[in-house]
Amino acid sequence: MTAPARSLVAQALSLTLDGAVILDAVSATFAPGQVTAVLGPNGAGKSTLLACLAGLRRPDAGDVLLGSVSRTTLDRRDLARRIGFLPQTADVHWDIDVQTLVALGRFPHRGRWGETAADHAAVAQAMATTDVTRFAHRCVNTLSGGERARVLLARVLAGEPHWLLADEPLANLDPAHQLDGLDCLRGVAAAGAGIVVVLHDLNHAARVADRVLLLRNGRVIAHGPPDSVLTEDLIAETYGVATHIGTTPAGQRFILPVARHRR
Amino acid sequence: MSRITRFNLLLAIGIVLALLVSLAVGKVSVPWAIWGGADPRWLIITELRLPRTVLAAVVGAGLGLSGAAMQGYLRNPLADPGLFGVSSGAALGAVISLYFGYAASAWLLPLCALTGAAGAMALLALLVGRSASLILFTLAGVILSSVAGSLTALAISLAPTPFVTSQIVTWLMGALTDRSWGDVWIALPIIAAGAALLAMTGRALDALTLGENAARTLGVDPLRLRVLIVLGVGLCVGASVATAGVIGFVGLMVPHVVRPFVGHRPSALLLPSALGGALLLLLADSVVRGLPTVSELRLGIAMAMLGGPFFLVLLLKMRRGLA
């Protein structure tokens, strides 16, 4: 395991909204350089957990630590440099071009007097990583769903965050673009950043994740390597479905839900 | 020189030309030969047309900038300071001061207008609370706007003399007729202060392009941004209404026309919207002054006649975009 000093830690996070328990003492440690997939049925608290990590929601109890420091003691700009957040709803409100949008990711780094060489380099690097350089000057709102998703990812990467929090980045993408997206996440993790990604597809998690965090009703059901978490028993307990787990000739695990458990 | 700088320079040159036109246009023709001389007609330029011209530029800049900032903040191309009750609040304040006959003092009316604008802003902030929800903000603005409108109508219906009634109605129509240097010295510093506050919002408005959550995780302080917008728009619009009455649609039209020229980035829109607003009001005021009508066409009415169809076209275009 990596040194805890560089980890992102959810420490007994609890959150109640209108009497409903959304998060119930969720604790988890995320390591840099690893992809952690957060899985669970609808309403399990996945997005809320991510929002707490990103600082968009304040938990009723518990804390989020960066290394050994509480995120509440860090200032806004410092946090924004360290943690990049890719929201689920991909708003782009004005008809700006791709390069302008990606450059918005430099917001927490930019000084008072415009863009530096480092800003330009980071933007160019992020666009290269996500393969969007060739439409740098096209308007974002004319791109296809897959291109747009990559551009939005490039925006987060341009900020060179230590942590990437992504809420269902592959939703609404076709299979080819989903595979591209997963490869991209792996590449970012390989470059050293820690990734916490909410996913819906168990196979995506099996393919991309170093660790899987399984949530149900705001509680952690399991947290560990995909092979030990994505089992028929744990999936049945979490989702209430029976699954068939197999292996492709190439050695990739696949998880096929076959029936709903009657509870 | 970047495209945006060139565009701003072009607008600035346009303003200089429009200033000259505005000084030259009027019922009385003042020949070039006597400019700067001892001829009493020179006073028409220095004491009537010059303050009116400067005021048109200052008020136009304040309204254009406010519109650009509001649109960026609300991420809504139809947003206008008038739409969210700020202008109505300022007008109500002004009308109340007229109703009580306080207009005799030069500072009381503007003070009342600023108080009205600030009051509308404070109420808006109170109604919206910390949620920063767009729908809530819009609804609160519409409610404030209609309440202030009703109260203004009440003041008109209760006016003690026909003279006060006509004074109020004239006020509401908005104009720059017979404005003096006194009005300029009221509007200029207040609008400059408001503009300085709004100029500080540019980069946060850019980040808001990605939506509220993404902006917050990029390090935007939503409370600071809200305070800057509320105070900045309040000062600009309050001072505009205090000195020129209600002139609508500048804040709606100018940012919209300017947007494609600056690549749609909200921060790049602020300066050209201020310049464009100044240019638009200078030209519009020159036109209403130059028209051969018996009594001068009110600037506020002229802008509404221009702005109404503009708004309609914009709406139809947006509807087609959604379909």
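This passage describes chain B, its contact with chain A, and selected elements of chain A. The model is predicted.

Chain B is built from helices. It has 13 helices and zero strands. Read along the sequence, its pattern is α-α-α-α-α-α-α-α-α-α-α-α-α. The radius of gyration of chain B is 20 Å, and the globule rule gives 20 Å for 323 residues, so chain B is as compact as a globular protein of that length. Along the principal axes, the C-alpha atoms of chain B fill a box of roughly 65 × 55 × 35 Å. Of the 323 residues, 48% count as buried. Contacts in chain B were also sorted by sequence separation. Among those with a separation of 6 or more, 79% come from residues 24 or more positions apart.

The two chains touch. On the chain B side, 18 residues are in contact with 21 residues of chain A. Two helices of chain B, α8 (202-208) and α9 (212-217), each supply at least two residues of that side. Helix α9(B) gives the most, with four residues. By class, the side of chain B that touches chain A has five nonpolar, seven polar and six charged residues.

In chain A, strand β6 (residues 83-86) is covered on both faces. Ile83(A) and Phe85(A) are buried on one side. Gly84(A) and Leu86(A) are buried on the other. This split follows a general pattern: in a regular strand the side chains alternate between the two faces of the sheet. Strand β6(A) pairs with β7(A) in the parallel sense, over four bridges. Within this pairing, Gly84(A) stands opposite Leu164(A) in β7(A).

Helix α5 of chain A spans residues 145-158 and has 14 residues. From its first C-alpha to its last, α5 of chain A reaches 20 Å, close to the 20 Å expected at 1.5 Å a residue. The helix is mostly covered, with 11 of its 14 residues buried. The buried residues include three arginines, Arg148(A), Arg150(A) and Arg155(A). Also buried are Ala149(A), Val151(A), Leu152(A), Leu153(A), Ala154(A), Val156(A), Leu157(A) and Ala158(A). In general, an α-helix has 3.6 residues a turn, so residues three or four places apart point the same way. The buried residues of α5(A) pack against two strands, β6 and β7 of chain A. They also pack against three helices of chain A: α3 (98-103), α4 (117-129) and α6. Strand β6(A) is thus tied to both β7(A), by pairing, and α5(A), by packing. After α5(A) comes Glu160(A), whose phi is positive, near 45°.

Two loop residues of chain A also have positive phi values. Most residues other than glycine have a negative phi. Asp18(A) is not a glycine, yet its phi is positive, about 50°. This residue lies in the loop between β1 (8-17) and β2 (20-30) of chain A. Asp18(A) counts as exposed because it has 5 C-beta neighbours inside 10 Å, and the cut-off for exposed is 12 or fewer. Glu168(A) likewise has a positive phi of about 50° without being a glycine. It sits in the loop between β7 (163-167) and α6 (175-190) of chain A. With 19 other C-beta atoms within 10 Å, Glu168(A) is partly exposed. A residue counts as buried at 20 or more. The loop that holds Glu168(A) therefore joins two elements, β7 and α6 of chain A, against which the buried residues of α5(A) pack.

Conventions. Residues are numbered from 1 along each chain as its sequence is written. Chains are lettered from A and ligands numbered from 1 in the order in which they are written. This is a predicted model: local features need pLDDT of at least 70, side-chain atom pairs count only at pLDDT 80 or more; totals for chains, interfaces and linings use all residues. Two residues are in contact if their C-beta atoms, placed from the backbone, lie within 7 Å. Ala, Val, Leu, Ile, Met, Phe, Trp, Tyr, Cys and Pro count as nonpolar, Asp, Glu, Lys and Arg as charged, and the others, Gly among them, as polar. The radius of gyration is taken over C-alpha atoms; the globule rule is 2.2 Å times the number of residues to the power 0.38. Two strands pair if DSSP finds at least two bridges between them. The expected span of a helix is 1.5 Å times one less than its number of residues.
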